[in-house]
Amino acid sequence: MKLTCMREDLNNSLQMVQRAVSSKSIIPVLSGVYMEVSGEEINLHTTDLEVYMKETLPCKTEEEGKVVVNTRLLLDIARNLQGDLVRMEYLENQLQIEDERSKFSLRTMAVEDFPKMPEGKRAVVEELDLELMSTAVNQVAKAASKDDKRPVLQGVNISLTEDSLNMVATDSYRLAVREVKGMSRSGESKEMIIPARALQEIPKWASKGGKIGIFEGEGQVRFETGNTVMMVREIEGKFPNWSQLIPTQHTIKVKVKKNDIIGAIKRTSLVGTAVKMETKGDTILMKSEMADVGSAEEELEAECEGEEIKIVFNSEFLLDGISNVGEEEIWILMNEPEKPALIRGVDMDDYRYVIMPIRQ
Amino acid sequence: MGNFSMRCLQKASDQMLASPPRAERCVLHLDMDAYFAAVEQRDLPIYRGIPLVVCHTSSDFCIHGVVATASYEARHWGIKAGMSVWEARSLCPHAHFIHANIPKYLYNTRRLVRLCESYTPKIEVFSIDEVFLDLTSQVKPGDWKQALQIARHLKEKIREELGLTASVGLGPNKLVAKMASELQKPDGLTLVRPEEFSAIFSPMPVNKLVGVGPRMLLRLRSLGIERIGDLASTPVKVLERRFGILGKILRLAAEGKDYSPVGEGRAEDLVKSFGHSLSLRGGSDDLDLLSNTLLGLTDAVTRRMRREGYLGRTVNLRLRVGYSRGYARSITLKEYTCLPRPIFENARSLLEREASLGVWEDKITTIGVSVSQLKRAEEGRQLSIWEYLDPREEKLTRVLDDLYNKYGEGVVTRASLLGSFSLSGMNPVLP
């Protein structure tokens, strides 16, 4: 194997794939990146056996070949070299990396030990705007659980119908739903649960622009855009039935400017994590109080319909829900202090966020 | 009980090292004499004048377990708190052994705290039988006579209203006050002025210093420090190299200095866990029976938690195999709860795991469940989606609680507990 490539390309690609490298893996080869040079391309593969990532970058090939080297080290080298061009050559279990001034020699690992990338051929969604997908992931994935006792809740449930894609995640205390409508796809309805942690990689690709495709293999799902491919193992199990949770009737409606209420929550939650919201006429009062610490309070303008209410939320959950609304004005829809509340934009209902209050 | 150990020093370390308060303070330490035993002797005249031992035990006839408090009569025989009941019996076979009735003592403590609050709002409930009072604003600076008067009055009030005696220490800070109250017991009243500290305490062994336990004693001895005076004359640097931040605190303590304020400990914070256990006659290794017993115990524990308004999140399973010492396993849940199901399910999975390990060499003779890491129900609890979608357990529990409140414990019981035993009825909750 012998080639020359742009240092910046190598650096960027390695940075992308190193996210699938687990630092804690007991299998040594998984700390490595599998480089495959064929034609005028390098393919970089990494995996932690849950997620498999692949990046492709152009190069000038003198000799084709395959090699596995430590990812972390190669990335540090690519980041710190001074020249614009990097030359790499495989010589007797060593990979030589050099620019005009520096020269490195890295021990390689056995190529045949590196797991093969699983196949995923059946298209689930041929084409979807990457930015749209990224926004949707950002809106939903944070609501997924981090508790490994219920693996299903660590994932985002993606359900597909003829013309829509629906994403849901919940950690038992709040639930976020995002619907993406008007997309072109063929094939039947589908449901799959994708680990939220892996899905959150997608927004990091968004700067590239373009389209994203979703494909399916045996228990695996492949996301593909431009030079980047990510293969994720689906979470087995059944996602809980959440549709009955979303309240359809609301006796109390509050319409408020998004940025006003975000500021109020951030300020009041400085004192305590539980924030109490009180509606009164055309204002809402945000309060927090912590024994032995102190209290905070802020009043803001809002349009309130229905009876007055005093309801307590976890400030972090509330903030997540509100800041993900893509509009200037939001609805907070409630019934009773111990019943779930619904947060959504005033104009669009493609994003909905249900939050359970705190009982006091 | 009342074991002022390093934990307190460590907790208060930053406070202790804080800048010294401006004015000279006046702190009172109140320590109830043989508290549990004294309460029992007050309530039942037949216990008076005889060796009485109050035990923490799970057995019906006070065979196992440890001594919680020994009355002064029992202390003559060498019985001390923390000793095993078995050892205490061998020291004084004719002593009277009774179960500790913690709710009763807590009730007394609450009354005591209310009494103390009538003297000063700045009090710290340090343990079930110890209270610190900050009298600085009640007394003119340096006027210790006035402080002694207040102390005498307080002791008189405690005798009148609670029928109990207490040992009181007065000093310029918590440390000195606490050490002063130890000097004279029972029914003592001791004042240690700041200038008297070194004269009184320097010749004493270093483990008399509050915060120095058996292990710290060994470490200090290895440095050649035997008496409090030795510690006070050891350079701070030597102590700091050996003990880190603790070194500085130790040195300050040896000089009778302590800058920690009298905090506002509440009587409610003294409740640390709720638990029940049951001895199984002849033992059992039948997993169904054991888990059924656990269910009954859990019902009783959670009922008490709801009654007293607590939520908890750590489930502890206690097992005793044959005649060995018992051991415990615990699991901490993500959410606080006071409902039987989550607690039972976790206790049962702990039990199943232990059973599957196959390390029990004999039958299980005692099984118990307790819930710790408590918080008050009014502090609030994050509701979950699933309990909203399926509120059946909560509703059922509420209905059962109403029934118990109206008709008494055990009027209804789980079908699975019928025939074996009805634990909810066996463990009446004291009002």
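The exercises below, each with a worked solution, concern salt bridges and a sheet in a predicted model.

**Exercise 1.** Determine which parts of chain A are tied together by the salt bridge between Asp48(A) and Arg197(A), and decide whether each of the two residues is buried or exposed.

*Solution.* Begin with the general idea that side chains of opposite charge can pair when their charged atoms come close. The side chains of Asp48(A) and Arg197(A) meet in a salt bridge, at 3.7 Å from N to O. Next, place the two residues: Asp48(A) lies in the loop between S3 and S4 of chain A, while Arg197(A) lies in helix H4, so the pair ties together parts that are 149 residues apart in sequence. Finally, take the cut-offs, by which buried means under 20% relative accessible area and exposed means over 50%. Asp48(A) has 18% and is therefore buried, whereas Arg197(A) has 57% and is therefore exposed.

**Exercise 2.** Work out in which order the four strands of the open sheet in chain B are arranged, and which strands form its edges.

*Solution.* The four strands follow the order S9-S12-S10-S11 in chain B, and their pairing is antiparallel. The edge strands are S9 (273-284) and S11 (327-337) of chain B, each of which pairs on one side only. Turning to one pair within the sheet, strand S10 and strand S12 of chain B are joined in the antiparallel sense over 11 bridges, and Tyr310(B) has Arg376(B) in S12(B) as its bridge partner. As a last step, consider helix H14 (residues 287-308) of chain B, which lies across S9, S10, S11 and S12 of chain B and runs at about 155° to S9(B).

Terms used: Residues are numbered from 1 along each chain as its sequence is written. Chains are lettered from A and ligands numbered from 1 in the order in which they are written. This is a predicted model: local features need pLDDT of at least 70, side-chain atom pairs count only at pLDDT 80 or more; totals for chains, interfaces and linings use all residues. Side-chain values use heavy atoms; hydrogens and water are left out. Two strands pair if DSSP finds at least two bridges between them. Contact means heavy atoms within 4.5 Å. Axes are lines fitted to C-alpha atoms, for helices over the stretch in contact, and angles run from 0 to 180 degrees between N-to-C directions. A salt bridge is a side-chain nitrogen of Lys or Arg within 4 Å of a carboxyl oxygen of Asp or Glu. Buried means under 20% relative accessible area, exposed over 50%, partly exposed in between (1.4 Å probe, protein chains only).
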